[in-house]
Amino acid sequence: MERFWENKTVLITGANGFKGSWLSIWLSNLGVKVVGLSKHVDCTSNIFDNINNNILNFYGDINDDKLINFILSESNPDIIIHMAAQPLVLASYFRSS
């Protein structure tokens, strides 16, 4: 299983979230080139801050088509793992434009 991940490039949306951060660490330890797309949020303590130097991370909105196309063309990922999510379900019903 570990050999599968060697020398792969993986794009993780939601890379600075709780699960995305741990996934980034795990994949980095398997030799994966991790590329992240994260929403820029202010936080005082986040595991992502400890791994941010090990991945190529972009900050922006998952709905930004130009940004997504740029990231895809720059990183040419082998695999995309979509972890970006609205953590509060009720808030997702009232998405602002």
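Which backbone nitrogen does the side chain of Ser38 reach? The answer is given in the first of the legends below, which describe close-up views of a predicted model.

**Figure 1. Polar surroundings of Ser38 in the predicted model.** The side chain of Ser38 reaches the backbone nitrogen of Asn16, at a distance of 3.2 Å. A polar contact of 3.1 Å also joins the side chain of Ser38 to the side chain of Asn57. Ser38 belongs to strand 2, which covers residues 33–38. With a relative accessible area of 1%, Ser38 is buried, because buried means under 20% relative accessible area.

**Figure 2. Secondary structure of the protein chain, as a guide to the close-up views.** Five helices and four strands make up the secondary structure of the protein chain. Read from the N terminus, the elements follow the order α-β-α-β-α-β-α-β-α. The chain has 97 residues, of which 34% count as buried. The area exposed by the protein chain is about 6,900 Å², and carbon and sulfur atoms supply 53% of it. Among contacts in the protein chain with a separation of 6 or more, 56% come from residues 24 or more positions apart.

**Figure 3. The aromatic cluster of Phe4, Trp5 and Trp26.** Three aromatic pairs are present in the structure. In one of them, the ring centres of Phe4 and Trp5 lie 5.2 Å apart and the planes meet at 85°, so this pair is edge-to-face. The rings of Trp5 and Trp26 have centres 6.0 Å apart and planes at 70°, so they too form an edge-to-face pair. Trp5 lies in helix 1 (residues 2–5) and Trp26 in helix 2 (residues 18–29), so the pair ties together parts that are 21 residues apart in sequence. Ring pairs thus link Phe4, Trp5 and Trp26 into a cluster. Trp5 is buried, at 9% relative accessible area. Phe4 counts as partly exposed, with a relative accessibility of 43%, and Trp26 is likewise partly exposed at 43%.

**Figure 4. Lys8 at the ring of Phe4.** The charged end of Lys8 sits over the ring of Phe4, and its distance from the ring centre is 4.6 Å. The ring of Phe4 also pairs with that of Trp5. Both Phe4 and Lys8 are touched by Ile79.

**Figure 5. Ile79 and its contacts with residues distant in sequence.** Ile79 is located in strand 4, which covers residues 79–82. Leaving aside residues up to four places away in sequence, Ile79 touches Phe4, Trp5, Lys8, Thr9, Val10 and Leu11. The C-alpha atoms of Ile79 and Ile12 are separated by 8.6 Å, although the two residues are 67 residues apart along the chain.

**Figure 6. The largest nonpolar core and another core apart from it.** In soluble globular proteins, nonpolar side chains tend to be buried together. Here, the largest nonpolar core consists of eleven residues: Trp5, Val10, Ile12, Ala15, Leu23, Leu27, Leu30, Val32, Val34, Ile55 and Ile79. Strand 1 (9–13) and helix 2 are the elements that give two or more residues to this core. Another core, of six residues, lies apart from the largest one; its members include Leu11, Leu37, Leu67 and Ile71. Trp5 thus appears both in the largest core and in the aromatic cluster.

How values were computed:
Residues numbered from 1 in each chain as written. Predicted model: local features only at pLDDT ≥ 70, side-chain atom pairs only at ≥ 80, totals over all residues. Heavy atoms only, no water. Phe/Tyr/Trp six-rings, centres within 6.5 Å; stacked < 30°, edge-to-face > 60°. Buried < 20%, exposed > 50% of the residue type's maximum accessible area, 1.4 Å probe, protein only. Lys NZ or Arg CZ within 6 Å of the ring centre and 35° of its normal. Contact = heavy atoms within 4.5 Å. Areas by Shrake-Rupley, 256 points an atom, 1.4 Å probe, with all protein chains shown as cover. Polar contact = N/O pair within 3.5 Å; in protein donor to acceptor, adjacent residues only side chain to side chain. Core = buried A, V, L, I, M, F, W, Y, C linked by side-chain atoms within 4.5 Å.
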